[in-house]
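Colleague: I am new to this structure and would like to understand the terms as we go. Could you take me through them with care?

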Amino acid sequence: MESIFAAEWIQFPENLGEAAAEFLLQFKLEKPLQSAMLQVTSLGVYSAECNGKKIGGEVLAPGWTNYRKRLQYQSYDMTQLLQVGENTLCIGVGRGWRMHARESDWVQPAFGGKDTALIAALKLDYADGGSAVLSTGSGWLCREAKTRMSHIYNGEVYDAGFEDSFLRPVKVLDYPHEILIPLQGERIVETERLPVKEIFTTPEGEVVLDFGQNLTGYVEFTICGEKGKKATLRHAETLDAAGNFYTENLRTAKQEIVFLCDGGAHTYKPAFSFQGFRYVQPKDWPCALRAQDFTAIVVHSEMKRTAWFDSSDPLLNKLFENIVWGQRGNFLDVPTDCPQRDERLGWTGDAQVFVRTASYLFDCERFFKKWMADLASEQYANGGVPHVVPRMQWGEESSTGWADAAVICPWQMYLTYGSKQILREQFSSMRGWVDYMIARSTDGLWLGGQHFGDWCCLDDYATTKEFLQNAYFYYSTSLLIKAGRVLGIPVETYEAQAALTKHAFRQAFLQGGRVLCNAQSACAIALYFDLLEGAERESVAAQLADLVREAGHLTTGFLGTPYLLHALSENGYTDIAYTLLLRREYPSWLYSVTKGATTIWEHWDGLKPDGSMWDAGMNSFNHYAYGAVGDWMLGVAAGIQIDERAPGFAHIIFAPQADDRLEYLNGAIESRHGKVSCGWRRADGGRIVYEFTVPEGCSATLRLDGKEILLGAGSKTITVG
Ligand code: BGC
C-alpha cells in the first residue's frame with residue numbers, strides 16, 4: 001500500500017473563500033538519506049516547495065478529474081531537495097477546478113464544497129537502512145497565502161506585502177482515500193516561453209503587449225512598486241475591428257492577474273490559474289513597461305510532438321501550425337473546447353471530431369487513457385455519456401456525436417498506437433453507449449432525445465438530428481464490433497443490430513440513391529460512415545460534389561467537417577477537396593489564416609471580413625474542432641494512412657494525392673516504430689517525384705495511379721509521369 005493512503009486529509013480551519021492556503025511541515029533530518037519520495041494531492045490545485053525550492057516540474061497539479069470519484073496524486077523524488085538538519089515543506093493550495101465555473105449555475109456539486117484540502121506523505125529511506133514516513137495530519141501547520149484570490153476563470157490576486165504570521169494547526173478532514181489514484185494522465189508542465197513581440201498603444205490609448213501567438217498558460221512578469229500599489233494584467237485573445245483590446249468573448253471569465261506591490265522587486269507568475277491569450281494589457285503598472293519584464297509561458301499536458309507538414313503554400317503550413325497550437329491550448333489534463341471564456345470544459349464532441357488529428361500531432365495515448373477513464377467513471381447507469389467530462393450538473397442527456405466519444409476515441413488510440421490495452425479498458429464503456437442507443441431504438445432506428453446537431457454549420461442545420469443520431473448509431477456500433485473482434489469478444493448481436501440500423505437508415509434517409517437531407521454534412525457522413533450500398537455511393541458523392549459547387553464553399557459544422565474532404569477524395573473528387581482546402585475567402589480553413597489567426601477558431605467567421613465579431617457570447621479563437629482537417633492534410637494530401645489490420649503504422653498505406661496548385665507537399669508522423677513520411681514534388685515535364693520513409697520492422701503498400709506496390713523498410717523515391 002502506498003504511504004499516501006495512510007495519511008490524513010487536512011484543511012485550513014476556516015473557510016478561506018477564494019484565498020489560497022499554505023500547509024507547512026517543519027522537521028529535522030537527523031541522518032543522511034538514501035532516497036526520499038513525496039506523494040501528494042489536493043482538493044484544489046497545489047504548488048509544493050521544499051526549503052524554498054519548487055518540487056517537481058508539474059504545474060496545476062493534481063490536474064482535473066471528478067474529485068468525488070477519482071483524484072490523481074503525484075510522486076516526487078525528494079532526495080536532492082532535503083538536507084540533514086532543518087527542512088521545511090510548504091504546499092500552497094488554491095481552488096483550481098475544485099470550485100469550477102460560475103458558482104450559481106455551473107458549479108459542479110460533485111466536486112464538493114468550497115474548501116480545499118491536502119493529503120501528502122513523505123517517505124524517507126535513510127542511508128543506514130532505516131525508514132520513516134511523515135504524513136499530513138494534525139502535526140502540520142497552516143497559514144493564509146499571499147494569493148488572496150485564485151479562480152480558474154477569473155485569475156489571481158497576489159499581495160506581495162501580505163504576511164500571515166499566525167501559523168495555526170490544521171483541521172483534519174474525513175474524506176475518502178479510495179478515490180486516490182497515481183497520476184494516470186500526462187503531467188501538466190510549462191512547455192515554452194515566448195517573449196513580447198510588440199508593445200503598442202491602441203486607438204483607445206491603452207498600452208498592449210503582443211506575444212504574437214494565441215496560447216494557454218500565464219505571464220511571468222517582473223514588477224516593482226510602492227507598497228500597496230495595485231497593478232492589473234488583463235488577458236485577451238484578439239483585438240477588435242478598431243484595434244482595441246477585446247475581452248467580450250471571455251463572457252464572465254475575467255482572466256486578470258492583480259498584483260499588490262510591497263516596495264520591493266518581484267518576479268511573479270500565477271500558480272493556481274491559467275489564461276487563454278495572445279495580448280495582455282498592463283493597467284496601473286507602477287514601473288516602466290519594458291518588454292523584457294514580461295514572458296508568456298505556455299502550459300499544457302506533456303506530450304511529444306509527432307507530426308510535421310510542409311508544402312509550397314505558406315498559408316497551408318500556417319494552418320497546420322495553428323492546428324498544433326489548438327491542441328497545445330486545449331490539452332490540459334482533459335481535452336477542452338476552449339481555454340479562455342467561462343467554459344473550458346471537456347466537451348466530448350469536440351474531442352471526438354479532433355481525436356485522429358490529435359493522435360497524429362502529439363503522442364496523446366496516455367492523455368486519452370486518463371480522459372477515457374474519466375469518461376467511463378462519469379457514464380450514467382444507463383450507458384449515457386455526459387456532454388462534458390468531468391461532468392457538470394446538467395441532467396442526464398446524451399447527445400449524438402458527443403456521447404460517441406466513448407467509442408470513437410479509444411478506437412482511434414488503438415489505430416494510431418497499435419495497443420489493445422485501451423480497448424480492453426474501455427470496452428464496457430463503449431458497449432454501454434451502444435447499448436444506450438439500442439435500448440432507445442425501434443426496428444433499428446433511434447429517434448428522440450436532445451442533440452446538438454451539426455454544431456455551428458452554415459446551412460441552418462439542414463442535416464437533421466434524426467439523420468445524425470442514426471448515422472452515429474450505426475458508426476459507433478460498427479466500431480464496437482471491430483473492437484470486439486480485436487479483443488476476441490463475441491459481437492454477433494451487435495452485427496445484427498448494425499445490419500438492422502443500416503437498413504432502417506437507408507429506408508428512412510435515402511431516396512432514389514440520394515440523401516434526403518440535401519446537405520454537405522449529411523452526404524459526407526453517409527459516405528464516410530459506410531451507410532451506402534452499391535451505386536448509392538457514386539450518386540451521393542455526386543450529390544455532395546454538386547452541393548459544394550452550388551454553394552461555392554463548405555457549409556459543414558462540427559460533425560460534418562472532419563469527413564467532408566475525405567468523402568470527396570475517396571470518391572473521385574480530390575480536386576474539389578483541394579479547392580475547399582486551398583480556398584482563402586470565408587468560409588474556409590485558410591480564411592482565418594489570412595486574418596492573422598494563430599490558432600483554430602470556433603466559427604468559420606469568428607472575425608468577419610469587415611472586422612466585426614461573429615458574436616460576443618460564443619466566439620472562441622482557440623477551439624480545435626475544425627482543426628480536424630489536419631488528418632486529411634497528413635492522410636490524403638501527404639497520403640499517410642493506417643492499415644486497420646496492422647495498426648500503429650506496423651503496416652502503412654501510402655496514398656498521396658497531388659494537386660496542380662501546389663509545387664510540393666510533405667508530411668511526417670513519428671510513429672511508435674519510427675518516422676513515417678511521404679511527400680511529393682513537381683519535376684520537369686509534368687512528372688511528380690514521390691518520396692517515402694518506412695520505419696525499420698514495418699512495411700507499406702503504396703497506392704498510386706490505380707496500382708499497388710509493396711514497400712519494405714527504408715527510404716524510397718518514385719517518379720511518375
Ligand atoms: C462549446 C462547444 C461544444 C458545444 C456543444 C459550446 O459551448 O464551446 O465546443 O461542443 O457547446 O454544443
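Colleague: What makes you say that domain 3 and domain 4 are in contact, and how many residues of each are involved?

Modeller: Contact means heavy atoms within 4.5 Å, and by that rule 22 residues of domain 3 are in contact with 17 residues of domain 4. This is a predicted model, in which local features need pLDDT of at least 70 and side-chain atom pairs count only at pLDDT 80 or more, while totals for chains, interfaces and linings use all residues. Residues are numbered from 1 along each chain as its sequence is written, and side-chain values use heavy atoms, with hydrogens and water left out.

Colleague: Where do domain 3 and domain 4 begin and end?

Modeller: Domain 3 covers 307-637 and domain 4 covers 651-720, with bounds that come from an automatic or database domain assignment.

Colleague: What area do domain 3 and domain 4 bury between them?

Modeller: They bury about 1,600 Å², 53% of it on carbon and sulfur atoms, where buried area is the accessible area (1.4 Å probe) that two parts lose on being put together, summed over both.

Colleague: Why is the pair E365 and R672 called a salt bridge?

Modeller: A salt bridge is a side-chain nitrogen of Lys or Arg within 4 Å of a carboxyl oxygen of Asp or Glu; the side chains of E365 and R672 meet at 2.9 Å, N to O, so the pair satisfies that rule. Across the interface of domain 3 and domain 4 the rule finds 2 salt bridges.

Colleague: Which residues surround the ligand?

Modeller: Among them are D337, R341, E343, D350, W402 and H623, where near means that a heavy atom of the residue lies within 4 Å.
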